[in-house]
Amino acid sequence: MSAAENSISPSAAAREFLAREHQLLIGGEWVGPAAGGSIEVTDPASEARIATVSLGDATDIDRAVQAARAALRGEWSRLTSYEREALINRLADQLIANLELLTELEVLDNGMPRMAAQYSIAKFGGDFLRYYAGWATKIHGETIPVSPQDSRNGDSLTYTRREPIGVVGAIIPWNAPLVMATLKLAPALAAGCTVVLKPAEQTPLTALLLGELVRKAGFPPGVVNIVPGYGESAGAALAAHPDVDKIAFTGSTEVGRKIINAAAGNLKRVTLELGGKSPMVVFPDADLERVVPGATRGAFFLQGQNCMAGTRLFVHEDVFDRVVEGVAAMAGSFRLGPGLDPQSDLGPLISAEQRERVAGYVAAGREAGAELVCGGEAPSGKGYFFRPTLFARTNMDMKIAREEIFGPVLCAQSFSDSDLQALADEVNSTIYGLSGSVWTRDIAVAHRMAAMIDSGQVSINCHAAVDPAIPFGGNRQSGWGREFGREGLDPYLKTKATTVLF
């Protein structure tokens, strides 16, 4: 085997993990599925089967919910906040100690480049767990000066407690599997909740390894349960389960609506992180040496399979051609290849179906009269690759500019020296409102434009600025609620008021 071939071959540790029998984690034990089914896991870069994973269904979800409920009432509820903090930190230690294996499995399962996987797992795996571990000891209530109607002499005490919401059903997507798992687990565990995690059927591997690390960290049985399965069976059963107190979901807006309907049975709480069609607005005074790489990466990170992706590029007419030319040149230079290959800039899309979806949107853009500047096709050979694609001269009447594609397609349109409100109206003419960015040297214009963009998050002179402490979530059909930061902890807590009369 040559050095080049060795660099893109799975390590011995990864091969050993892939060859294992992968069962469900329920009540602290690895168990087989009730119906005995399985899922074949495919490497999207080679289209080869790399592992077989047990397939959970509604029966398995019920078993996992019962285990989570028992854990909520048992040892987990008796741990102090300091003990919860220590356990979450131990899980972060385990994650970092196994960073290389987790990275490799994420790349094989999802297709993303190694560098992106390693950075995201360390930053939004390890750092995120540590951030919320610190919150475990900072959850407290208040005392409130009140005069209840039954208090004859006015002597009373009213105080509040912040308590865990209960059993959490976490349903995560395939675009950043391990990161999405930790984004749900960390605040839930810090709050004292128990969790049933359903990873996407396309990418269950790192979630299952995370389950092993949960056990090694010493969490009581049933605090974290992991049940891979299909959305229409396991996911639907989790969303509708009467003994689940909250659903935390990341995925498409279409599925988000189904989650809401399913959750109505017992009025469980729901947080939704859904789709996006995020704008990047470039003014004529912007530093184009920052704009071009920033906009290119903002559009094509994770092959565009990213809810925060800046897929609508609004550029002032004075610099439009220069920005489009620069983005096209950089996008055209990206090397497509397996994520384990250190020379690869972009990996494959997740599946043949996703590649066909992207190709369909590209065809629709051409038919609508958009100018194809680069990309627009899938290269020959194995793997679900698609070249980064840039359309110019688009407008918001076009399907490619209105709808979330979830692939490497960027739509650029120009604007003139109209007032900011008219520009904001065009930028906001979408059902989504997740992220966005403004590029200018004029800080007054930057703040005014940022305030006018109807999104849960806006960055200035960068795109999709994220950190464990920065609240993140969408407006309109991009979701309900917030993740990250203190706001990300609140949905996992409920408030109880207690009043004592003397």
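The paragraphs below lead through this predicted model, beginning with confidence and moving on to the cores, a helix, a sheet and the cysteines.

Across the protein the pLDDT averages 95, and 98% of the residues score at least 70. An exception lies in residues 1–6, where the pLDDT is below 50 and where, beyond near neighbours in sequence, the stretch has two contacts in the model.

With that in mind, the interior can be considered. In soluble globular proteins, nonpolar side chains tend to be buried together. Here the largest nonpolar core has 79 residues, and Leu91, Leu189, Leu197, Leu205 and Phe219 are those with the most contacts inside it. Helix 8, which spans residues 177–191, supplies the largest share of this core, namely 11 residues. Phe219 shows how distant parts of the chain are brought together, for when residues up to four places away in sequence are not counted, Phe219 touches Trp76, Leu87, Ile88, Leu91, Leu189 and Val214. Another core lies apart from the largest one; this other core has 27 residues, among them Val291, Ala299, Met330 and Phe334.

Helix 3 is a useful element to follow next. Its 16 residues, 58–73, reach 23 Å from the first C-alpha to the last, which is close to the 22 Å expected at 1.5 Å a residue. Buried residues in helix 3 are Asp60, Ile61, Ala64, Val65, Ala67, Ala68, Arg69, Ala71 and Leu72, and what covers them includes helix 4 (75–78) and helix 10 (231–240) as well as strand 1 (24–26), strand 7 (167–171), strand 8 (194–198) and strand 9 (224–226).

Turning to strands, three of them form an open sheet in the order 5-6-20, with antiparallel pairing. Strand 5 (143–144) and strand 20 (493–501) stand at the edges, and because each has a single partner strand, one side of each is left without a neighbour in the sheet. Strand 5 is joined by two bridges to strand 6, residues 156–164, and these two strands run antiparallel; within this region, Thr143 stands opposite Tyr159 of strand 6.

Finally, how many disulfides are there in the model? The count comes to zero. Cys374 is in no disulfide, and the nearest cysteine sulfur, that of Cys411, is 12 Å away; Cys374 is also buried, with a relative accessible area of 13%. For Cys462 the closest cysteine sulfur belongs to Cys307 and is 16 Å away, so the two are too far apart for a bond, while Cys462 is partly exposed, with a relative accessible area of 31%.

Definitions and conventions: Residues are numbered from 1 along each chain as its sequence is written. This is a predicted model: local features need pLDDT of at least 70, side-chain atom pairs count only at pLDDT 80 or more; totals for chains, interfaces and linings use all residues. Side-chain values use heavy atoms; hydrogens and water are left out. pLDDT is the predictor's confidence in each residue, from 0 to 100. Contact means heavy atoms within 4.5 Å. A nonpolar core is a set of buried Ala, Val, Leu, Ile, Met, Phe, Trp, Tyr and Cys residues joined through side-chain atoms within 4.5 Å. Buried means under 20% relative accessible area, exposed over 50%, partly exposed in between (1.4 Å probe, protein chains only). Helices (H or I, at least four residues) and strands (E, at least two) are DSSP runs, numbered from the N terminus. Two strands pair if DSSP finds at least two bridges between them. A disulfide is a pair of cysteine sulfur atoms within 2.5 Å. The expected span of a helix is 1.5 Å times one less than its number of residues.
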